[in-house]
Each structure stands twice: as structure tokens, then as C-alpha cells.
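Visitor: I would like a close look at a single part of this model. Please choose a sheet, go through its pairing, and then say what packs around it.

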Amino acid sequence: MSTYSYRERQFAKVLNNMPRLKNFLKRGYAFLNYSLYGLKIPRVISDYNIHRVGDCLYDKKEAFETFWGYYDKYPMNKFGLVLLNTTLYTTQKPPLSSRTIHVLLFDIEHSRVLLDIETRTYNWQQGCRTHWLNDEFFILNDFDDIAQRYIARVYSAIQLKEIKRFNYPVQDSFGLITFYLLIIGELIHYAQIMGIEIFLK
């Protein structure tokens, strides 16, 4: 049963038909809440210099966007090395397979890029599902043009090179590849065609 009243549901229905007005009211409501409550939050003064990661990347004339992905994975290892997705292409538009993103292994302490890996298997929400396997190894998804398949690639942060490939993309993993999970899109598509229900638990 809905917790919203009939009037609230009708108002929401009207706003859904007027997206610009809805967006304007949502922004106004957020600003009002910030004005009433956000300004009362005490400010924290840091003893550290704060830098944008994008300022440390390559040619500063270019406008880089950096992003990480889902919040179920932490981008930094215990040595202060950070995995980042970066692109010159705006994240406000849908991703295109003709455009790549770069996965960077970034050294926070020295503000430098240690490894730059190009991939075109990504989306703005998850990146290319890059994540640490332990403090030395990380994994990411890519597309193998020769085999015409999605793959997972494992890199060493110490050797600064690819050390292993898997024939399927990774969605999640446990430990140093004790096992990893993947989503097989063809199976899901086939199940939908055949009218089979798939329950993911």
C-alpha cells in the first residue's frame, strides 16, 4: 500500500508530464533544504593541501572527467595507489563503443600516473568494473578485438603490466580470484525470448 496520499500521487503525476517544472521545483526544494539545514553544519578545516586529481593529469588544457563506479568497491589500496576511470568525453551523454576511457593507476603521494590502460568496455555507472583483488593486483573488463569477446584483464601494481586474462568479463570477485562472478547477457536475452524467468539471488 502506498504511503502517499491521493493528492500527492496526483501532484506527482502532473509533474511527470512537465519535466522542466519538476526539475525546477526539485532544485528549489534542495536549495531550500540546504539553506535551512546545510548551512548549520560545522565546517572542517584541513591541515592538508587539497588537489583535484584532474589537475595532475597530462595536459592541463584538456578537461578530464574522472569517476570510479559503484560504491561497493574502494578505489585505493593500502599503499595509496588509486584506480580511476577518466575520459575527455562528457559523462552527460551516453557512452559510445567508438570512444574509450582510460583506467589510471594513480600514486596519490607523488601525484603521478603509474599506469594508463585504455578500454572501451564501460558505462558511466560502473566504469569497466575495475577493482582491487588485493593490494597488488587489480582487474578490469575490456573487449578483445581479435577474439571478438568481452574479457577480464588482471594487472600488477608492482610490475606495472598485465599479468593474466580471463575469457569472460568480471562483475565481482573474491580474493585473489578464488572465484569471480559474471553476467552472461546472451543467457539472459535467450531466457527472455523463451519466456524463462531468471531469479538472481
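Guide: Two strands pair if DSSP finds at least two bridges between them. Strands are DSSP runs of E with at least two residues, helices are runs of H or I with at least four, and both are numbered from the N terminus. This is a predicted model: local features need pLDDT of at least 70, side-chain atom pairs count only at pLDDT 80 or more, and totals for chains, interfaces and linings use all residues. Residues are numbered from 1 along each chain as its sequence is written, and side-chain values use heavy atoms, with hydrogens and water left out.

Take the sheet that holds β7. Four strands make up this open sheet, in the order β5-β6-β7-β8, with antiparallel pairing. β5 (131-132) and β8 are its edge strands, and each pairs on one side only.

Start with β6 (residues 137-144). Eight bridges join β6 to β7, and the two run antiparallel. Leucine 140 has arginine 153 in β7 as its bridge partner. Isoleucine 139 is matched by valine 154 in β7. The connection is a hairpin with four residues between β6 and β7. In that turn, glutamine 148 has a positive phi of about 55 degrees.

Now the other side of β7. Five bridges pair β7 with β8 (residues 161-166), again in the antiparallel sense. Arginine 153 has arginine 165 in β8 as its bridge partner. Another hairpin links β7 and β8, with four residues between them. Leucine 160 in its turn has a positive phi of about 55 degrees.

How covered is β7? Six of the eight residues in β7 (149-156) are buried, which leaves the strand mostly covered. Here buried means under 20% relative accessible area, exposed means over 50%, and partly exposed lies in between (1.4 Å probe, protein chains only).

Next, the packing. A nonpolar core is a set of buried Ala, Val, Leu, Ile, Met, Phe, Trp, Tyr and Cys residues joined through side-chain atoms within 4.5 Å. The largest such core has 18 residues. Leu105, Ile117, Trp132, Phe138 and Leu140 have the most contacts inside it. β2, β3, β4 and β6 each give two or more residues to this core. β3 gives the most, with three.

Phenylalanine 138 deserves a look. With contact taken as heavy atoms within 4.5 Å, and residues up to four places away in sequence not counted, it touches Leu83, Leu105, Leu115 and Ile117, among others. Its contacts also include Arg153, Val154 and Tyr155. A second, separate core has seven residues, including Leu133, Phe137, Ile139 and Phe166.

Several contributors to the larger core come from another sheet. Four strands form that open sheet in the order β1-β2-β3-β4, with antiparallel pairing. β1 (65-67) and β4 (112-119) stand at the edges with a single partner strand each, so one side of each has no neighbour in the sheet. Its neighbouring strands are turned by 30 degrees against each other on average, direction ignored. Angles of this kind run from 0 to 180 degrees between N-to-C directions, with axes fitted to C-alpha atoms, for helices over the stretch in contact. Six bridges pair β2 with β3 in the antiparallel sense. Asparagine 85 stands opposite valine 103 in β3.
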